[in-house]
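The following exercises concern the arrangement of protein chains and DNA strands in a single model. Please attempt each task before reading its solution.

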There are 4 protein chains.
Amino acid sequence: MNKGDFSTLQSIMIEGKREFLDKGFNDSSLRRIVKRAGVTTGAFYGYYSDKKALFNALVFPAVDGLKTMFLSVQETFDQLPETEKVDKLYDYTSDEIRAFVDYIYDHFDAFKLLISCSDGTDFSEFIHELVEIEVSYTIRFIESSGNDALASKRVTPDLLHIISSAFFSAVFEVVKHEMPKRDADVYINSLKTFFMAGWQKILNY
Amino acid sequence: MNKGDFSTLQSIMIEGKREFLDKGFNDSSLRRIVKRAGVTTGAFYGYYSDKKALFNALVFPAVDGLKTMFLSVQETFDQLPETEKVDKLYDYTSDEIRAFVDYIYDHFDAFKLLISCSDGTDFSEFIHELVEIEVSYTIRFIESSGNDALASKRVTPDLLHIISSAFFSAVFEVVKHEMPKRDADVYINSLKTFFMAGWQKILNY
Amino acid sequence: MNKGDFSTLQSIMIEGKREFLDKGFNDSSLRRIVKRAGVTTGAFYGYYSDKKALFNALVFPAVDGLKTMFLSVQETFDQLPETEKVDKLYDYTSDEIRAFVDYIYDHFDAFKLLISCSDGTDFSEFIHELVEIEVSYTIRFIESSGNDALASKRVTPDLLHIISSAFFSAVFEVVKHEMPKRDADVYINSLKTFFMAGWQKILNY
Amino acid sequence: MNKGDFSTLQSIMIEGKREFLDKGFNDSSLRRIVKRAGVTTGAFYGYYSDKKALFNALVFPAVDGLKTMFLSVQETFDQLPETEKVDKLYDYTSDEIRAFVDYIYDHFDAFKLLISCSDGTDFSEFIHELVEIEVSYTIRFIESSGNDALASKRVTPDLLHIISSAFFSAVFEVVKHEMPKRDADVYINSLKTFFMAGWQKILNY
DNA sequence: GATGAATGAGCCTTCATTCAT
DNA sequence: TATGAATGAAGGCTCATTCAT
């Protein structure tokens with residue numbers, strides 16, 4: 001008999017999420033999860049192949065959606081006529097970030113797991129992957145726009161990596177601290193202003 | 001019989017560091033550590049009360065030193081006559097950061113442990129603490145300098161927190177990626193330039 | 001939905017045989033069997049009471065047939081007039097063994113299961129049972145033929161058991177090694193020659 | 001606290017042997033072993049790396065000793081002058097087999113484990129290995145003695161394998177049935193007589 | 001100071017089998 | 001006949017820690 005009105009699967013997901021959030025992936029106990037879910041270990045393995053698979057299920061859809069969205073945004077911008085890119089950069093970025101934050105808040109629990117509890121899983125390098133994507137598109141943008149920052153070595157891929165890393169770390173701070181969406185929108189917008197100033201400075205725009 | 005010419009304690013520290021770096025705190029095995037150190041579990045517990053205490057010992061001096069240094073720098077700046085602060089801000093910061101990075105590289109292993117392997121220990125929130133320190137001094141500085149950013153709520157403590165978080169995350173990326181000191185100096189300097197532009201933008205200097 | 005054109009029962013038998021041959025009885029997984037058979041566990045238990053029952057079904061008809069045949073051959077020989085027995089012994093045995101091997105090869109899979117995969121089942125002592133049958137008839141033959149080997153304790157039931165055991169072990173080696181029938185016929189014939197010489201030696205014929 | 005006057009290791013070995021003999025390797029439970037030994041699982045793993053290692057420890061010394069002895073006997077016979085081999089064959093073999101049986105009875109428990117309970121271990125093919133050794137030396141002997149049995153294909157390696165297999169199976173029947181040593185000596189001697197007659201027949205000596 | 005055998009709870013996972021549908 | 005989710009005991013094994021010597 002499982003817990004209350006929920007199906008076995010639902011109970012497992014609910015209690016899995018609770019346990020992972022509470023203890024982190026590594027220190028989570030499958031037995032505690034199933035016990036709290038009012039379910040047996042055997043039942044668990046009917047749904048998931050192992051503990052990792054449960055974490056995956058809780059997190060993958062959101063991660064995958066975010067990556068897809070992020071890639072498509074970057075790709076769309078990349079396809080703009082060169083002449084429009086710099087002009088639209090600010091507005092474009094604004095929309096992009098807003099959508100990004102919206103998406104995160106629409107899947108808040110998943111990102112909370114990802115940011116705070118993914119140690120020991122395949123997602124521990126999640127931010128790193130977003131960074132890599134952004135860096136590669138940023139390099140394309142700088143080069144195609146005729147800016148000499150890279151050519152002159154005033155800016156290097158490593159620096160882009162570090163700055164990008166800083167940016168995403170900052171964004172996900174709102175998740176780490178479970179900031180209300182309303183506040184997050186404001187902060188992230190200011191953050192964007194802050195970073196835009198930085199980019200203009202080092203890219204000489 | 002312990003390893004080579006090293007004392008029991010030294011062997012434990014050397015092999016502890018190796019294991020923690022290799023596996024992270026949680027997945028490290030005390031038995032493997034003492035075995036490699038050519039020492040027994042009993043001997044270990046003569047020096048440390050538990051696994052956490054060893055991690056602590058490897059990491060605390062560096063952490064404490066960095067915090068002390070950081071606090072003193074902030075305090076010294078805080079004590080400057082109001083009139084000098086803004087003028088000296090840029091130079092001051094440069095020196096401060098340089099010293100900060102020097103310190104990190106002088107205790108590289110400890111910070112590598114802290115950044116990459118501290119999950120499960122009391123230090124997992126290490127960066128967070130530096131952020132808190134910086135934010136509180138930044139607030140004092142903004143307020144005392146007569147800048148209306150906070151009063152007008154254009155800038156909030158939370159935003160400061162986020163930006164500061166971004167900065168320290170970026171700085172410690174050089175540790176995570178084990179960047180050569182020479183390179184790190186250059187990147188961190190560019191990073192500072194980047195962030196200074198941001199600060200000027202949102203503080204209206 | 002079961003596999004291809006086969007009925008539920010057929011699928012279970014086919015995949016059961018495959019699994020038992022592959023892993024042996026003990027290490028076989030019922031769930032794997034029904035999964036591969038495209039059938040459910042529930043369906044399985046409609047046909048068989050448990051895992052052993054499936055093994056039984058795959059193996060019993062052949063085992064039973066062989067035992068019946070073997071018993072009847074022994075019985076027929078036993079009923080021959082005493083005067084004919086020794087004369088016909090050699091020819092008789094030849095035919096008997098040929099039929100025996102033919103039967104095994106006509107039910108090769110079943111005997112392969114029996115020889116190589118029956119650990120943990122009621123058939124693990126299969127050869128032992130054939131031995132017991134043969135020994136009891138051999139004793140009758142020796143006694144009725146007036147040979148003093150048993151009376152003089154030159155030969156004992158235990159020795160008969162051991163030799164008989166050796167013989168059947170040898171015969172079933174052809175199954176264990178999946179020897180082609182054509183080869184097996186030749187080897188078994190030589191084996192019979194070999195053993196006949198032994199019998200003549202210890203029975204003084 | 002372990003059982004009675006025995007050390008932890010002794011208790012584990014005693015109860016391990018008991019459990020393996022009772023249930024066979026696969027169906028043996030480590031937990032039952034340690035429980036009966038009055039010891040904890042953790043203590044077990046201080047002595048053996050896993051369940052297989054315990055079986056190994058109980059069985060390997062005896063197996064290894066027997067193989068070594070068997071190989072050396074075969075090698076010694078192989079080195080005899082060609083002229084002496086056939087003459088000495090009978091006597092030589094007698095001594096060899098006696099020593100072989102003595103060795104088995106000096107390590108009876110180990111061979112009982114090997115014969116009756118080794119399914120699932122690396123020793124399940126133990127007899128097979130003895131057979132391979134004997135077959136290879138038998139081939140050398142036949143060839144070097146000028147006998148045409150192999151050349152004429154009247155006898156083949158496969159036949160030698162089958163016969164050798166029969167012989168060792170028979171020998172180890174005394175272990176399977178836990179026959180008293182005194183009886184075994186007599187039976188094995190008769191068995192040897194039986195087999196010698198067979199060899200003479202098919203090799204035309 | 002040091003030993004290292006022993007603890008025993010805890011880990012994840014697999015299994016044959018049952019039963020309400 | 002058939003489903004397949006659920007059972008729950010049992011499996012082998014690892015761990016930080018303790019303690020008598």
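**Exercise 1. Symmetry of chains C and D**

By what turn and what shift along the axis can chain C be laid on chain D, and with what RMSD?

*Solution.* The model is a predicted one.
Step 1. A turn of 179° and a shift of 0.0 Å along the axis lay chain C on chain D, with an RMSD of 0.4 Å.
Step 2. This is the relation of a two-fold axis.
Step 3. Both copies use the same surface, for 100% of the contact residues of chain C recur in chain D.
Step 4. To place the rotation axis within the chain, one looks for the residue of chain C that comes closest to it: this is A166(C), whose C-alpha lies at 2.2 Å.

**Exercise 2. The contact between chains C and D**

State how many residues of each chain are in contact, and identify the elements of chain C that take part.

*Solution.* Step 1. On chain C, 23 residues are in contact with 24 residues of chain D.
Step 2. Two helices of chain C, α8 (157-176) and α9 (181-203), each supply at least two residues of the side that touches chain D.
Step 3. α9(C) provides the largest share of this side, with 11 residues.
Step 4. Sorted by class, the side of chain C that touches chain D has 12 nonpolar, six polar and five charged residues.

**Exercise 3. The contact between chains B and A**

Which element gives the most to the side of chain B that touches chain A?

*Solution.* Step 1. The contact joins 23 residues of chain B to 24 residues of chain A.
Step 2. On the side of chain B, the elements that give two or more residues are α8 (157-176) and α9 (181-203).
Step 3. Of the side of chain B that touches chain A, α9(B) gives the most, namely 11 residues.
Step 4. The classes on this side are 12 nonpolar, six polar and five charged residues.

**Exercise 4. The surroundings of the DNA strands**

Which residues come nearest to DNA strand F, and which are the closest to DNA strand E?

*Solution.* Step 1. Around DNA strand F there are 35 residues, of which T8(A), G42(A), G42(C), S29(D) and D50(D) come nearest.
Step 2. Among the elements that give two or more residues to this surface are α2 (30-36) and α3 (41-47) of chain D.
Step 3. The surface near DNA strand F has 10 nonpolar, 18 polar and seven charged residues.
Step 4. DNA strand E is surrounded by 35 residues, and the closest are S29(A), D50(A), G42(B), D50(C) and G42(D).
Step 5. By class, the surface near DNA strand E comprises 10 nonpolar, 18 polar and seven charged residues.

Notes
Residues numbered from 1 in each chain as written. Chains lettered and ligands numbered in written order. Predicted model: local features only at pLDDT ≥ 70, side-chain atom pairs only at ≥ 80, totals over all residues. Least-squares fit on C-alpha atoms with pLDDT ≥ 70 in both. Contact = placed C-beta atoms within 7 Å. Helix = DSSP H or I, 4+ residues; strand = E, 2+ residues; numbered from the N terminus. Nonpolar A, V, L, I, M, F, W, Y, C, P; charged D, E, K, R; others polar. Near = placed C-beta within 6 Å.
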